[in-house]
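User: Please take a close look at one part of this model, beginning with a single residue and its surroundings, and then work outward to the other features that can be described with care. I would like one connected account rather than a list.

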Amino acid sequence: MSLGPERLARHIVGLPKSGIREFFDIVSTRRGVISLAIGEPDFDTPWHIREAAIASLEQGKSHYTGNAGLPELRRAIADYVRDRFGGDYDPAHEVLVTVGASEGLDLALRALLNPGDEVLFHEPCFVSYGPEIAMAHGVPVPVETRVEDNFRLSIAALEAKVTPRTRALLVNFPNNPTGAILGPEDVRAIADFAVRHDLILISDEIYAELTWGGKRHTSFAAVPGLKERLVLLNGYSKAWAMTGFRMAWVCAPAWMMDTILKIHQYQIMCAPTPSQYAALEAMRQPAEDMAPMLRAYEMRRNYLSAAFAEAGIPMHTPAGAFYAFPQVAKFGLSSRDFAVRLLDAENVAVVPGSAFGACGEGFVRCSYATGIDQLKEAAARIARFVKTL
Amino acid sequence: MVESLLEILRNNAKESPETMAKMLGVAPEAVSAEIARLEREGVIRGWQAIVNDDLLPKGHVTAVIEVRVTPEREGGFDRIAEQVSRFEEVDAAYLMSGGYDLLLFVGGESLLSVARFVSEKLATIHGVLSTATHFKLKTYKQSGVLMAKPGDDGRLAVTP
Ligand SMILES: Cc1ncc(COP(=O)(O)O)c(C=O)c1O
C-alpha cells in the first residue's frame with residue numbers, strides 16, 4: 001500500500017472540514033477586521049482566579065492529581081451543580097474534572113456507543129457534535145430546529161428521526177449558535193422522549209449561566225428520575241471566561257462514570273493541575289465573578305437586537321449564550337456569500353450559519369462577546385452593507 | 001435601570017443616549033431624563049476625562065498626604081476637612097479609619113509646589129497635628145482603567 005490518505009483511518013478522513021476553519025483562513029488574511037465570529041468571552045479570567053493558578057505553581061503544585069481531579073474541586077462542583085441547577089451528584093463517584101467540555105463529550109460518546117449506534121443531535125449546533133459522534137464510531141443523526149420555534153427542539157422532529165438503533169440524544173441549551181434556550185416544559189418533554197425511547201441523554205449546558213431577559217436556565221439535572229440516563233456537561237470556559245484553562249466537568253451516574261473515567265484515565269491521566277487550582281478558586285464566588293460579565297452581555301444583546309431590528313434584519317430574540325443568529329436569507333445571498341461579501345465590503349466577520357449544519361443556511365452567527373464600541377461599529381457597518389444588497 | 005445606566009457611564013461617559021437606550025431596552029428620551037434626574041439629585045457630580053499625567057510633556061506631581069487632626073467638639077472632622085478640601089491643590093479628600101484621619105490627593109506642577117502647599121498652607125491650619133506626604137512615582141491604574149496600552153486581545157479571529 002502506498003503512503004497516502006488510504007493509509008489513514010477511514011472514519012476520520014471522511015469527516016467534513018470544519019466550516020469555521022475555512023472561514024478562519026479567509027478572515028486571517030485580512031487586517032483590522034472587527035470580528036463577531038469569536039466563540040469565547042472577550043473578558044479576561046477574573047484576576048483572583050488567574051492569581052490562584054500562579055500561586056499553585058509557586059507552591060510547586062506541578063504534579064499529577066488523582067485521575068478524577070482534586071477531591072475538593074469535585075466537591076465544589078457537586079455543591080455548585082446542586083445549589084445552582086438542582087442536580088444531586090456524589091463527588092466521589094459521579095463527578096469528573098475534564099479538559100474542557102470537549103473532552104467530556106468525547107468521553108461520554110466513547111463510553112456509550114458501539115459501532116453503528118445512532119445519536120440524535122439538533123442543528124444548528126456546535127461544530128464538533130457530528131464529527132465527535134462519528135469519531136466514537138457512532139452515526140450522527142441531525143434533527144432540525146427552526147426559527148419559527150425560536151430554535152427550540154420539537155418532539156415531533158425528534159420522533160421523526162428516532163429508530164431502533166438510536167442510543168443517545170445530545171442537546172445543547174442555551175445554544176451555540178442560535179442563542180435559544182428551553183423552558184421547563186420543553187425540558188420535561190425532551191426528558192420524557194428520552195425515557196420513552198430508552199435513550200441516554202447527553203446535555204451540554206456550558207452556557208447555563210448565560211440567560212437573558214430574566215429567564216433562568218432549566219437543567220436536565222433537575223428532572224426527577226432522569227439522572228440514571230443523563231450525562232451532564234458543563235465547565236468554566238464561558239461563564240467564568242476561562243477558555244484557555246481548559247477546565248470542565250462531567251456529572252454522570254456511577255454505572256456510567258466507571259467507564260467514562262477509564263477512558264479519561266488511560267488517555268489524559270488528569271486535567272492540568274494549575275488549571276484545577278484555578279477552577280477551585282473560581283468556585284469561591286461564582287455569582288460575584290460572573291455578574292459584571294453577564295450584565296455586559298445582556299446589554300450588548302439588547303443593543304444588537306435593537307440595531308438589527310432598525311436595520312430591517314429579522315432575528316429571533318436570543319435568550320441565552322452570547323450569540324445572535326439573524327436571518328439574512330431575504331437579501332438573496334447564501335449565508336457563506338453574505339459573510340464573505342460583508343467581510344470584503346466592511347471588514348466585519350460573522351460566521352455563516354451553514355457552518356453549524358445544513359439548516360443554518362440563511363442565517364449568520366454574530367457573537368456579542370465583543371466590546372460595545374466594536375459591536376456598535378460592526379452593527380453600523382452591517383446595516384450599511386445590507387442597504388447595498 | 002439606574003445601576004445599569006451608571007455602569008455604562010462609568011465605562012464611557014460619552015456614550016450616546018441612542019446607544020444606551022438600545023442597550024437598556026428603553027427610549028432615548030427615558031435615558032436623557034434619567035441622566036438629568038441623577039445630575040439634579042447630585043448622584044452624578046460631574047463629567048471628567050481620565051488623564052494619564054505620566055504621558056504629559058509638562059511635569060505633573062501627585063502626592064497622597066496622610067493628615068492627623070484634632071476633631072472638634074461640634075462637627076467632629078467636618079469643618080477642618082471641608083476647609084482643607086477647598087484648596088484647589090486638593091483633588092480628593094477622605095475621612096479615614098485607622099492611624100490617621102484625612103487622606104488627601106494633591107496635585108502640583110513640581111515637588112516644590114506640593115511641598116510648599118504642605119508646609120505653608122496645610123500644616124499651618126489650626127487643628128492639623130501632623131502630615132505625612134508620599135509622592136506618586138508611576139500610575140498603573142486610575143479610575144478603573146489600566147494605563148498600559150491594551151495589546152491585541154489574544155483571541156483567534158474565528159472560533160467555534
Ligand atoms: C456548545 C459548546 N459546547 C462545548 C464547547 C467547548 O467548551 P470547552 O472549552 O469546555 O471545551 C463550546 C465552545 O465553544 C460550545 O459552544
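Analyst: A residue counts as buried when its relative accessible area is under 20%, as exposed when that area is over 50%, and as partly exposed in between. The model is a predicted one, and within it Asp373(A) has a relative accessibility of 47%, so this residue counts as partly exposed. Asp373(A) has its place in helix 13 of chain A, which covers residues 372-387. If residues up to four places away in sequence are set aside, Asp373(A) touches Asn12(B) and Glu15(B). Lys17(A) is 356 residues away from Asp373(A) along the chain, and the C-alpha atoms of these two residues are separated by 33 Å.

The two chains can also be followed through a pair of helices. Helix 11 of chain A (residues 286-310) and helix 1 of chain B (residues 2-11) have axes that come within 12 Å and cross at roughly 90°. Angles of 65 to 115 degrees count as roughly perpendicular, and helix 11 of chain A is therefore roughly perpendicular to helix 1 of chain B. On the side of helix 11 of chain A the contact is made by Pro292(A), Arg295(A) and Met299(A), while helix 1 of chain B contributes Ser4(B), Glu7(B) and Ile8(B). As for chain B as a whole, its domain assignment gives domain 1 as 2-40 and domain 2 as 53-137, and the C-alpha centres of domain 1 of chain B and domain 2 of chain B lie 35 Å apart.

Back in chain A, strands 9, 12 and 11 form an open sheet in the order 9-12-11, with antiparallel pairing. The edges of this sheet are strand 9 (323-324) and strand 11 (351-352) of chain A, each of which pairs on one side only. Between strand 11 of chain A and strand 12 of chain A (residues 364-367), the antiparallel pairing runs over two bridges. Within this part of the sheet, Pro352(A) stands opposite Val364(A), which belongs to strand 12 of chain A.

The loop that joins these two strands leads on to the aromatic side chains. Two rings pair if their centres lie within 6.5 Å, and by this rule the count over all chains comes to 19 aromatic pairs. One of them is formed by Phe151(A) and Phe363(A), an edge-to-face pair with 5.5 Å from centre to centre and 75° between the planes. Phe151(A) lies in the loop between strand 4 (139-144) and helix 7 (155-161) of chain A, and Phe363(A) in the loop between strand 11 and strand 12 of chain A, so this pair ties together parts that are 212 residues apart in sequence. Both Phe151(A) and Phe363(A) are buried. A second edge-to-face pair, Tyr94(B) with Phe105(B), has 6.2 Å between the centres and 90° between the planes. Because Tyr94(B) lies in strand 2 of chain B (residues 90-95) and Phe105(B) in strand 3 of chain B (residues 102-108), this pair ties together parts that are 11 residues apart in sequence. Tyr94(B) has a relative accessible area of 45% and is therefore partly exposed, and Phe105(B), at 31% relative accessibility, counts as partly exposed as well. In chain A, moreover, one aromatic cluster is formed by Phe43(A), Tyr207(A), Trp212(A), Tyr297(A), Phe322(A) and Tyr323(A).

Some details of the backbone complete the picture. Phe151(A) has a positive phi of about 60° although it is not a glycine, and its relative accessibility of 1% is the reason why it counts as buried. Asp198(A), likewise not a glycine, has a positive phi of about 55°; this residue lies in the loop between helix 8 and strand 6 (200-204) of chain A. With a relative accessible area of 55%, Asp198(A) is exposed, whereas Phe151(A) is buried. Two peptide bonds that lead into prolines are described as cis: the bond from Glu123(A) to Pro124(A) has omega near -5°, and the bond from Asn176(A) to Pro177(A) has omega near 15°. Pro124(A) is found in the loop between strand 3 (118-123) and helix 6 (129-135) of chain A, and Pro177(A) has its place in the loop between strand 5 (166-171) and helix 8 (184-196) of chain A.

Methods: Residues numbered from 1 in each chain as written. Chains lettered and ligands numbered in written order. Predicted model: local features only at pLDDT ≥ 70, side-chain atom pairs only at ≥ 80, totals over all residues. Heavy atoms only, no water. Pairing = 2+ DSSP bridges. Helix = DSSP H or I, 4+ residues; strand = E, 2+ residues; numbered from the N terminus. Domains from an automatic or database assignment. Phe/Tyr/Trp six-rings, centres within 6.5 Å; stacked < 30°, edge-to-face > 60°. Buried < 20%, exposed > 50% of the residue type's maximum accessible area, 1.4 Å probe, protein only. Axes fitted to C-alpha atoms, helices over the stretch in contact; angles between N-to-C directions. Parallel < 35°, antiparallel > 145°, perpendicular 65-115°, else oblique. Contact = heavy atoms within 4.5 Å.
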